[in-house]
Amino acid sequence: MFIINFKNYPGAFGKEAVDLAKEIRDASNEISNLEVFLAVPLVDIYRVHSQVDIPVFSQHVDPFLPGQTTGFSIPLAVRKAGAVGTLVNHSENPMDLDMIREAVRLCDEVELTSVVCADSPAVIDQIRDFKPDYIAFEPPELIGGDVSVVEADEFVVASAVSAAGSIPLLVGAGIGSAADVSRGLELGAEGFLVASAIVKAEDPAKAFLELIQGY
Ligand code: G3P
């Protein structure tokens, strides 16, 4: 699994989200054995889903049922908008443990793949028993930076893989080269969560194709 998180970077929402998604879709059509997902801004899920043939994730869900929850984005609505999955507890939109547990439960009910982010192996220990579909390990201090999580501390990546146990682990934060990808795989990662190296690149499709040379 390879998730590209659009965040709210300039050029990654509105009509431009569709254009960026098409570029990635065209590039990903050149490869056959990799599942690529786009975590687009919530407000663009339906737009991207309906215009581009690539699976879409939400960047967040609020763990509530249909009802009196004005302004929240609930799993069922996100699913109906066309998302196949969602990030939960991204460090830029953190949630407490009870909310994470409930979000995973509600995602499961509506068949939305849950990817719960964790900033340390200790947090992975706390969320593993919620049984998300994936855990994504991202040290916040490395997000958007030039030093990747695998360059910074291989030991902590291996510890995260081990803490996740039977839950497949994605790795993110500063992933910016094919070498990061191949080293992450060697350390036990099942996939990656990447943003700036692709979304902020001058040529996102080229940057994406370069990164996945690491597979
Ligand atoms: O969700 C992915 C993200 O937080 C990693 O960002 O820019 O370090 O690839 P980046």
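Residues are taken as buried when their relative accessible area is under 20%, and by this criterion buried residues make up 53% of the 215 residues in the chain. The model described here is a predicted one. Its secondary structure consists of ten helices and eight strands. For a chain of 215 residues, a compact globule would be expected to have a radius of gyration near 17 Å, and the value computed for this chain, 16 Å, agrees with that expectation. Along the principal axes, the C-alpha atoms occupy a box of roughly 45 × 40 × 30 Å. When contacts between residues at least 6 apart in sequence are considered, 66% of them join residues that are at least 24 apart.

The accessible surface of the chain amounts to about 9,800 Å², and carbon and sulfur atoms account for 48% of that surface. With respect to charge, the chain carries 14 positive and 32 negative side chains, and the centres of these two sets are separated by 6 Å.

Helix α1, which comprises the 14 residues 15-28, spans 20 Å from its first C-alpha to its last, close to the 20 Å expected at 1.5 Å a residue. Its buried residues are Ala17, Val18, Leu20, Ala21, Ile24, Arg25, Ala27 and Ser28. In an α-helix there are 3.6 residues a turn, so residues three or four places apart point the same way. The buried residues of α1 pack against two strands, β1 (2-5) and β2 (36-40), and against three helices, namely α2 (45-51), α9 (196-199) and α10 (204-211).

Within helix α1, the position of Ala21 was examined in further detail. Ala21 has a relative accessible area of 0% and is therefore classed as buried, the cut-off for this class being under 20%. Once its neighbours within four places in sequence are set aside, Ala21 is found in contact with Phe6, Leu38, Val48 and Val52. The C-alpha atom of Ala21 lies 9.7 Å from that of Phe37, a residue 16 places away along the chain.

Two loop residues were noted for their backbone conformation. Most residues other than glycine have a negative phi. Lys131, however, has a phi near 55°, a positive value in a residue that is not glycine, and Ala173, likewise not a glycine, has a positive phi of about 105°. Lys131 is placed in the loop between helix α5 (121-127) and strand β6 (134-137), whereas Ala173 belongs to the loop that runs between strand β7 (169-172) and helix α8 (178-186). As to their surroundings, Lys131 counts as exposed because its relative accessibility is 62%, which is over the 50% required for that class. Ala173, by contrast, is buried, with a relative accessible area of 4%.

A further loop, that between strand β4 (85-88) and helix α4 (97-109), contains Pro94, and Asn93 is also located between β4 and α4. The relative accessible area of Asn93 is 33%, so that this residue is partly exposed, falling between the limits of 20% and 50%. Pro94, at 60% relative accessibility, counts as exposed. In terms of C-alpha positions, Asn93 is 8.9 Å from Gln59, from which it is separated by 34 residues in sequence. For Pro94, the C-alpha separation from Val157 is 21 Å, with their places 63 residues apart in the sequence numbering.

Notes. Residues numbered from 1 in each chain as written. Predicted model: local features only at pLDDT ≥ 70, side-chain atom pairs only at ≥ 80, totals over all residues. Heavy atoms only, no water. Helix = DSSP H or I, 4+ residues; strand = E, 2+ residues; numbered from the N terminus. Rg over C-alpha atoms; globule rule 2.2 N^0.38 Å. Buried < 20%, exposed > 50% of the residue type's maximum accessible area, 1.4 Å probe, protein only. Contact = heavy atoms within 4.5 Å. Areas by Shrake-Rupley, 256 points an atom, 1.4 Å probe, with all protein chains shown as cover. Lys, Arg positive; Asp, Glu negative; His and termini not counted. Charge placed at Lys NZ, Arg CZ, Asp CG, Glu CD. Expected span 1.5 Å × (residues − 1).
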